[in-house]
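Here are my notes from going through the model. They cover the nonpolar cores, two helix pairs and one acidic side chain.

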Amino acid sequence: MSYRFHFCKTFSISRSSSRISFLFARVVLRAILKLYKLVIRLPDESIPSEIRNNPRFYPYFKDCIGALDGTHVRASVPLNIQGRFRSRKGGTTQNVLAAITFDLKFSYVLAGWEGSAHDSRILSNVLSRPRGLRIPEGKYYLADAGYGIRNGFITPYHGVQYHLKEFSAQGPENAKELFNLRHSSLRITIERVFGILKKRFRVLDAEPFWNFQTQVDIILACCIIHNHIMGVDPSDLLNQGLYEEPESDLIISTLTEREEREEAREWSAKRDEIVQTMWTDYMARNIRMGKGNKEGTSKQFRWTKSMEHLFLEILAEEAQKGNKPSNTFKAVSINRVVEAISEKFQVQCDVKHVENHLRTVKKQWQIICTIRGESSFGWDDNMKMIACDRATYDAAVMAHKKYEPFFNQSIDHYDEMALVVGKDMATGSFARTFADINLDDDNIDSVPIDCENEATEEVRTNVSSSGTSKHKRKKAQESVNDEQIKFVGKQLGKIASALEQIYCG
């Protein structure tokens, strides 16, 4: 816990202090990043004790080595690229993907992807990077349905409930429900890890003021410190074997669409095999078998608010995956909407319905953009609402009746609409993992992203007509710098002594 305090304290003093203190904070950050080889380790091929010792998970998940998921962390970036960083929940964020072991430690972290990027797109990037995530043959991670089943990753079944209790009157009614339930019970470990990380390091929830590269590095450093704290327990095997970097940086070849389909079928079959074994054992222990699902009745097709929400949700995901070249969705994306609408709402939805509605949404978006472009209207980004007074409203509606639905009320699914018919797309150009950081580079001259206060003070000092005032301010600033240098030096000394005792003693 002391490391958490010193680390956050070192960075928090930079907000109101000089450039010198920030440079020392950067020294601390780089020193922590160099520890990743000691505390961030890929899992071995043994069965995790959390699985081996639990009959609900063993032997079904015996080849599982961890869980994988993404989380969003607040980001501060220049105005001209904020669209790429705006997440679907609003606000600018970076999307951080991580793999963890079931003892609540990180085994891989990739930070820096824009908040608008879809999780599956980031995972594809992780697997194709020269020093990306490597999975032993036959082993796999648990992931949520958004990633899609593929080599090394098993996801739950789509459209099957799992938010229920196994030993209750509302227990699982079929094999897929049972699998999803136990999959969720095991995979939720990574959500616990993210929760612990953000609770432990409040700096991750604060408004960032460093440049974006530093924001990314701070997340990586927090993961390192988290692993160290989790390893302080005497039962931890922290000192037995270190993670070694691969000797070669071979780029994993990109699979063709046919190979991806074959791979998905192979791992779907593996999942089905696990499911059947799990369900057979479940029934053999005389645990209650429920009633079958009721079949829905066919309904006449008509767009509803719920349908439109699902329509936008799916197409937003497809846009983030890169399936929207030249502002036109691929056929696979349209077909996905058709199938989802038809299945969920028990209606006859076809490609024509989806394409026509997409044109309607585009027209709505053009109207919204036109209104926002006029100076007489305001914009509430929290409410996603175009605001205007009564006189402006009356004049606008009289001239353009089609404007009326968009005034003074929250625009439903605005963020999804922006992704579906907008043009901002994530590139992943800022993404970094531990192996991407050149820790041998001595250039640590990073500056905060918001230096307005420091710059303003410097201008005031330069234009001052009083030489005495200049001298006093300079002397006072030097005194503050000296105190900060002493403070940081003392913290570095404590960190160095503690690490020496742990790793060399």
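1. Before anything else, keep in mind that this is a predicted model. One helix pair to look at is α11 and α12: α11 passes α12 in a right-handed crossing. On the residue level, the contact has Ser-306, Met-307, Leu-310, Phe-311, Ile-314, Leu-315, Glu-317 and Glu-318 on the α11 side. Facing them from α12 are Ser-333, Arg-336, Val-337, Ala-340, Ile-341, Lys-344 and Phe-345. Sorted by class, the residues of this contact come out as 9 nonpolar, 2 polar and 4 charged.

2. On the geometry of that pair, α11 spans residues 305–320 and α12 spans residues 331–345. Their axes come within 10 Å and cross at roughly 150 degrees. Angles over 145 degrees count as roughly antiparallel, and α11 and α12 are therefore roughly antiparallel to each other.

3. Now the other helix pair. Helix α8 (residues 189–200) packs against α9 at an angle of about 105 degrees, and the axes are 11 Å apart. The window for roughly perpendicular is 65 to 115 degrees, so α8 and α9 are roughly perpendicular to each other. From α8, the contact uses Val-193, Ile-196, Leu-197 and Arg-200; α9 brings Cys-222, Cys-223, His-226, Ile-229 and Met-230. The class split for α8 with α9 is 7 nonpolar, 1 polar and 1 charged.

4. Next, the cores. The largest nonpolar core has 65 residues, and Phe-61, Phe-106, Leu-204 and Ile-224 are the ones with the most contacts inside it. Helix α9 (residues 212–231) supplies the largest share of this core, 11 residues. There is also a second, separate core of 40 residues, which includes Leu-310, Ile-314, Cys-388 and Tyr-414. Two of those names should look familiar: Leu-310 and Ile-314 also sit in the α11 contact with α12.

5. What does Phe-61 touch, not counting residues up to four places away in sequence? The list is Ile-51, Tyr-140, Leu-142, Phe-179, Arg-182, His-183, Leu-186 and Met-278.

6. Last one: is Asp-415 buried or exposed? Asp-415 is found in helix α15 (residues 414–421). Its relative accessible area is 11%, and buried means under 20%, so Asp-415 is buried. Leaving aside neighbours within four places in sequence, Asp-415 is in contact with Arg-86, Ser-87, Arg-88, Lys-89, Gly-90 and Lys-384.

Methods: Residues are numbered from 1 along each chain as its sequence is written. This is a predicted model: local features need pLDDT of at least 70, side-chain atom pairs count only at pLDDT 80 or more; totals for chains, interfaces and linings use all residues. Side-chain values use heavy atoms; hydrogens and water are left out. Axes are lines fitted to C-alpha atoms, for helices over the stretch in contact, and angles run from 0 to 180 degrees between N-to-C directions. Helices (H or I, at least four residues) and strands (E, at least two) are DSSP runs, numbered from the N terminus. Angles under 35 degrees count as roughly parallel, over 145 as roughly antiparallel, 65 to 115 as roughly perpendicular and the rest as oblique. A crossing is left-handed if the near helix is turned anticlockwise from the far one by less than a right angle, and right-handed if clockwise. Contact means heavy atoms within 4.5 Å. Ala, Val, Leu, Ile, Met, Phe, Trp, Tyr, Cys and Pro count as nonpolar, Asp, Glu, Lys and Arg as charged, and the others, Gly among them, as polar. A nonpolar core is a set of buried Ala, Val, Leu, Ile, Met, Phe, Trp, Tyr and Cys residues joined through side-chain atoms within 4.5 Å. Buried means under 20% relative accessible area, exposed over 50%, partly exposed in between (1.4 Å probe, protein chains only).
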